[in-house]
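User: I'd like to go through the labels on this model and hear the reasoning behind each one. Can you take me through them?

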Amino acid sequence: MESIRAVFWKPDPAAQMRKCNALIRSNTRKLERDILQLKTLDHKTRQYILQASKRGQRNPSQAKQAAQETRTFAKELVRIRKQSSRLATSKAQLQSVQMQVNEAFSVRKIEGSIKSSTGIMKDVNSLVRLPELTGTMRELSQELMKAGIIEEMIGDSLPDDELLEGEDEEVETEVDKVLGEILQGKLGKAKVDAGPVSQEPAEEEESLEEQEATLEQMRGRLEALKS
């Protein structure tokens, strides 16, 4: 029945707005879940950095290996934080799209017509190119086209290597800053200062094998968040 009605009548603006808002809410919830996962990974990685540093302080013979481990975990932490920042920006952008879409439908209700918005089109184009949102954002773009809010289909999603372009160089410049933040400048003082490196509550230290396995899991989660 709905398909027959669609042939003879234009889509109901109220129904279109509800569907657009439902899609936006779905994307927002997904971003919030991904951001929460990254927050958990952030905390876990900080603990691994602290544990590796403490191990190097207790056993000077392992200091070099411990320093390498702290840098490895710090690199992962930088990646996690960049990903979290990107998703937080995308969430704010998505909320802006929702406000603009609702405003466009409100204007349509008052004036009886709707004008396409280059601002919405630009934001949706940016969001649909993110691997995390490609599917549902493409569906949203189709609904916005039907409503006349945007005029053209959105391009393909960005490949991961383009999203991470220049990341290696940036990560290297951020690693020392992260280590200084977490270890409070004590990374290079293991032989002199054997005291605690942080006021954070101590957690049960995992074995090196467990840490390496968890590191691989974290990398897998980061990749999963992009797929």
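Analyst: Sure, and keep in mind that this is a predicted model. Let's begin at the end of one helix: just after α5, Gly-148 takes a positive phi of about 85°.

User: What makes the span of α5 close to the expected one?

Analyst: α5 has 14 residues and reaches 20 Å from its first C-alpha to its last. At 1.5 Å a residue, 20 Å is also what you'd expect, so the span fits, given that the expected value is 1.5 Å times one less than the number of residues.

User: Which residues of α5 are buried?

Analyst: Thr-134, Met-137, Leu-140, Ser-141, Glu-143, Leu-144 and Ala-147 are the buried ones. As background, an α-helix has 3.6 residues a turn, so residues three or four places apart point the same way.

User: Why is Thr-136 called partly exposed?

Analyst: Its relative accessible area is 27%. Buried would need under 20% and exposed over 50%, so Thr-136 lands in between and is partly exposed. Thr-136 belongs to helix α5, residues 134-147.

User: What does Thr-136 touch, leaving out residues up to four places away in sequence?

Analyst: Leu-23 and Asn-27. There's also a C-alpha separation of 8.4 Å between Thr-136 and Ile-24, which sit 112 residues apart along the chain.

User: How many aromatic pairs are there by the ring rule?

Analyst: The count comes to one aromatic pair. The rings are those of Tyr-48 and Phe-73, with centres 5.2 Å apart and planes at 40°. Centres within 6.5 Å make a pair, and planes under 30 degrees apart would be stacked, over 60 edge-to-face. At 40° neither applies, so the pair is tilted.

User: Where in the chain do Tyr-48 and Phe-73 lie?

Analyst: Tyr-48 is in helix α2 (residues 13-58) and Phe-73 in helix α3 (residues 63-111), so the pair links parts of the chain 25 residues apart.

User: Are those two rings' residues, Tyr-48 and Phe-73, buried or exposed?

Analyst: Tyr-48 has 1% relative accessibility and Phe-73 has 4%. Buried means under 20%, so Tyr-48 counts as buried, and so does Phe-73.

User: How do you know that Asp-123 has no salt bridge?

Analyst: The nearest side chain of opposite charge is Lys-122, 6.6 Å away. A salt bridge needs the nitrogen within 4 Å of a carboxyl oxygen, so Lys-122 doesn't qualify, and Asp-123 is buried without a salt bridge.

User: What polar contact does the side chain of Asp-123 make?

Analyst: One with the side chain of Gln-93, at 3.3 Å. The cut-off is 3.5 Å between N or O atoms, so 3.3 Å is inside it. Asp-123 sits in helix α4, residues 118-128. Setting aside neighbours within four places in sequence, Asp-123 is in contact with Gln-93, Ser-96, Val-97 and Gln-100.

User: What makes Lys-91 and Glu-32 a salt bridge?

Analyst: Their N to O distance is 3.1 Å, and the limit is 4 Å, so the two side chains meet in a salt bridge. Lys-91 lies in helix α3 and Glu-32 in helix α2, so the bridge ties together parts 59 residues apart in sequence. Lys-91 is partly exposed at 23%, and Glu-32 is partly exposed too, at 36%.

User: How do you know that Arg-81 and Glu-181 form a salt bridge?

Analyst: Same test: N to O is 2.9 Å, within the 4 Å limit. Arg-81 in helix α3 and Glu-181 in helix α7 (residues 167-183) are 100 residues apart.

User: Why is Lys-177 called exposed, while Glu-174 counts as partly exposed?

Analyst: Lys-177 has a relative accessible area of 54%, which is over 50%, so it is exposed. Glu-174 comes to 26%, between the 20% and 50% cut-offs, so it is partly exposed. Their side chains meet in a salt bridge at 3.7 Å, N to O. Being three residues apart in helix α7, Lys-177 and Glu-174 are separated by about one helical turn.

User: How many salt bridges does the structure hold?

Analyst: Ten.

How values were computed. Residues are numbered from 1 along each chain as its sequence is written. This is a predicted model: local features need pLDDT of at least 70, side-chain atom pairs count only at pLDDT 80 or more; totals for chains, interfaces and linings use all residues. Side-chain values use heavy atoms; hydrogens and water are left out. Helices (H or I, at least four residues) and strands (E, at least two) are DSSP runs, numbered from the N terminus. Buried means under 20% relative accessible area, exposed over 50%, partly exposed in between (1.4 Å probe, protein chains only). Contact means heavy atoms within 4.5 Å. Rings of Phe, Tyr and Trp (its six-membered ring) pair if their centres lie within 6.5 Å; planes under 30 degrees apart count as stacked, over 60 as edge-to-face and the rest as tilted. Lys and Arg count as positive and Asp and Glu as negative; His and the chain ends are not counted. A polar contact is a pair of N or O atoms within 3.5 Å; within protein, one must be able to donate a hydrogen and the other to accept it, and residues adjacent in sequence count only if both atoms are side-chain atoms.
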